[in-house]
Amino acid sequence: DVLPSPDGPAPSVSITEIRQYLRAQDIPFHDGYSCLHTPSLFTGDRGDQPLSANAPFTLFIDKTTGSFLCTATLAEGTWQDFQANVEMRHRGITPIPPASSEETEEEMRQAREDARCIWERALPLWELLDEKETKETKALFGISQVSDATLKRFGVRYLRTARSLVFPWFSPQDATLKGLKLVRVEKKGGTITYVEETLPRFDSYRNLFGLPLIGRRDTELVLTGWELDALALHQAAGVASLALPRGASCLPPTLLPYLEQFKRITLWLGEDLRSWEAAKLFARKLSLKRCSLVRPGNLQPRPLEALNQGLNVTKILRSALLASHKSIVSFRQLREEVFGELVNTEQVSGVKWARFPELNKLLKGHRRGELTIFTGPTGSGKTTFISEYALDLCMQGVCTLWGSFEINNVRLAKIMLTQFAGRRLEDQLELYDEWADRFEELPLYFMTFHGQQNIKTVIDTMQHAVYMYDITHVVVDNLQFMMGHEHLSVDR
């Protein structure tokens, strides 16, 4: 009865229950910022021996979800997996880490193999054919000020055939290559965009870029949203810096154990208001009391830009604001924030829709913390429109959660995939895999409910999704189906 049923969601667990269980099982632990730290179940020899308080505390249990990660063996699993392994230990059986499915294992193995082939073909930037090519490449990526020593330290390479910078993901356990991120530059008119591709695919790509360079005694860290920013910070200020795998869009909870050793974390994720909002969200996950945030502004651009402009990066870091606010503030503390809102009126109004200029005139953009209700008679196209409306934002990196209570997820996904591809795929089935692969990269998640539901269950599921995937946009389609008909008379 310890393992959850395969079709139901894992039952939630409170931090009090976790602590009570660990005490009852005589498992020593201490409180961290986001996790509880215990000795690992997977590194001892004898299953029937109690865990020693002198053993290294390398197993981390997430205080919010109960999921665990052992940084010594990379074993990870749910709270139920942890309990099952404790039971096995009591019976004298050496615990085995929960296995992923064979399909996932094969995918990961293939991704590692592909990454290794690319890595071997890529060249260190300072070993290109001649100095001219090196200079042109560095100028293209805006890293002319980044020294060869910094590039060498972080192991950055260049893949000439794809005109891409290559950033490695090394295992913290044994320094083997686990994956890669390739970044190339695309110029459209006067604007430059950076296009990223990861191996393995982005939902399995959990690299904290720069982690192997962190020393055990480092207690202060700057967390950035981009690999090149981590390079710039190290070079300009000599600080320990890491880059998140998906920038300001998401901080996967599985990365929290690696950030437990730091007493102070400064979040400098980018130069726009979305990065600032994300920094406030991530600080809550990391524990507000140890986090400071660099506020975006003209004199505080992203770290790489600050290096290129010759700004004093150390001074910017010193001016970071504490994330934990007291309950009462004066205008002096809000002054900079108010100025930021006046300067960035376009960004304050939210993420603009690319496909709906008329909607931008009405709603200005998608802003967090706001509720928009669409109403219309049956068959008037609400679902079709809202799936396009949500897809538009999702394609711009807004992490989206769908609750489709009226039509099932397969049908909804088919509608959205057709809208995404902009063509009738049933007439061109040979293109299906190509578009499906691209669609799968979107930060889009679906709740598995259908028809009338208990509101508390739905809210719990939403909260879980917000914590796990940093959801910033939730769609409920539609309210009537979710509430059922007996609620229609009461005040909804």
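Is serine 287 buried or exposed? Serine 287 is buried, at a relative accessible area of 12%, where buried means under 20% relative accessible area, exposed over 50% and partly exposed in between, with a 1.4 Å probe and protein chains only.

## Basis of the model

This is a predicted model, in which local features need pLDDT of at least 70 and side-chain atom pairs count only at pLDDT 80 or more, while totals for chains, interfaces and linings use all residues. Residues are numbered from 1 along each chain as its sequence is written, and side-chain values use heavy atoms, with hydrogens and water left out.

## Overall dimensions

The chain has 492 residues and a radius of gyration of 24 Å, which agrees with the value near 23 Å for a compact globule of that length. The radius is taken over C-alpha atoms, and the globule rule is 2.2 Å times the number of residues to the power 0.38. Along the principal axes, the C-alpha trace spans about 70 × 65 × 60 Å.

Of the 492 residues, 44% count as buried. The accessible surface is about 26700 Å², and carbon and sulfur atoms contribute 52% of that area; the areas come from the Shrake-Rupley method with a 1.4 Å probe, and for residues only the protein chains shown count as cover. Among contacts with a separation of 6 or more, 63% join residues 24 or more positions apart, a contact being heavy atoms within 4.5 Å.

## Secondary structure and the five-stranded sheet

The chain contains 17 helices and 18 strands. Helices (H or I, at least four residues) and strands (E, at least two) are DSSP runs numbered from the N terminus. One open sheet has five strands in the order β12-β11-β13-β14-β15, with mixed pairing; two strands pair if DSSP finds at least two bridges between them. Strands β12 (241–243) and β15 (321–322) are at the edges with a single partner strand each, so one side of each has no neighbour in the sheet.

Strands β11 (residues 220–224) and β13 (residues 264–268) run parallel and are joined by five bridges. Leucine 223 has leucine 267 of β13 as its bridge partner, and valine 222 is partnered by threonine 266 in β13. On to β14, β13 pairs in the parallel sense over three bridges, with isoleucine 265 opposite cysteine 291 of β14. Four of the five residues of β13 are buried.

## Helices on the sheet

The sheet just described, in which β11 and β13 are joined by five bridges, carries two packed helices, α6 and α7. Helix α6 (residues 227–237) touches β11, β12 and β13, and its direction makes about 170° with that of β12. Helix α7 (residues 273–286) touches β11, β13, β14 (291–293) and β15, and its direction makes about 175° with that of β14. For these angles, axes are lines fitted to C-alpha atoms, for helices over the stretch in contact, and angles run from 0 to 180 degrees between N-to-C directions.

## Cysteines

The structure holds zero disulfides, a disulfide being a pair of cysteine sulfur atoms within 2.5 Å. For cysteine 70, which is in no disulfide, the nearest cysteine sulfur is that of cysteine 35, 13 Å away. Cysteine 70 is buried, at 0% relative accessible area.

The sulfur of cysteine 394 lies 7.4 Å from that of cysteine 399, the closest cysteine sulfur, which is too far for a bond. Cysteine 394 is also buried, with a relative accessible area of 2%.

## Loop residues and backbone geometry

Serine 287 is in the loop between α7 and β14. Its phi is near 90°, a positive value in a residue other than glycine. Lysine 364, in the loop between α12 (357–363) and α13 (382–394), has a positive phi as well, near 70°; at 43% relative accessibility, lysine 364 is partly exposed. In the loop between β10 (191–199) and β11 lies proline 200, and the peptide bond from leucine 199 to proline 200 is cis, with omega near -5°.

Alanine 72 belongs to the loop between β4 (68–70) and β5 (76–77) and counts as partly exposed at 30% relative accessibility. Leaving aside residues up to four places away in sequence, alanine 72 touches Thr43, Thr58 and Gln173. Alanine 72 and glutamine 173 are 101 residues apart in sequence, with a C-alpha to C-alpha distance of 6.3 Å.
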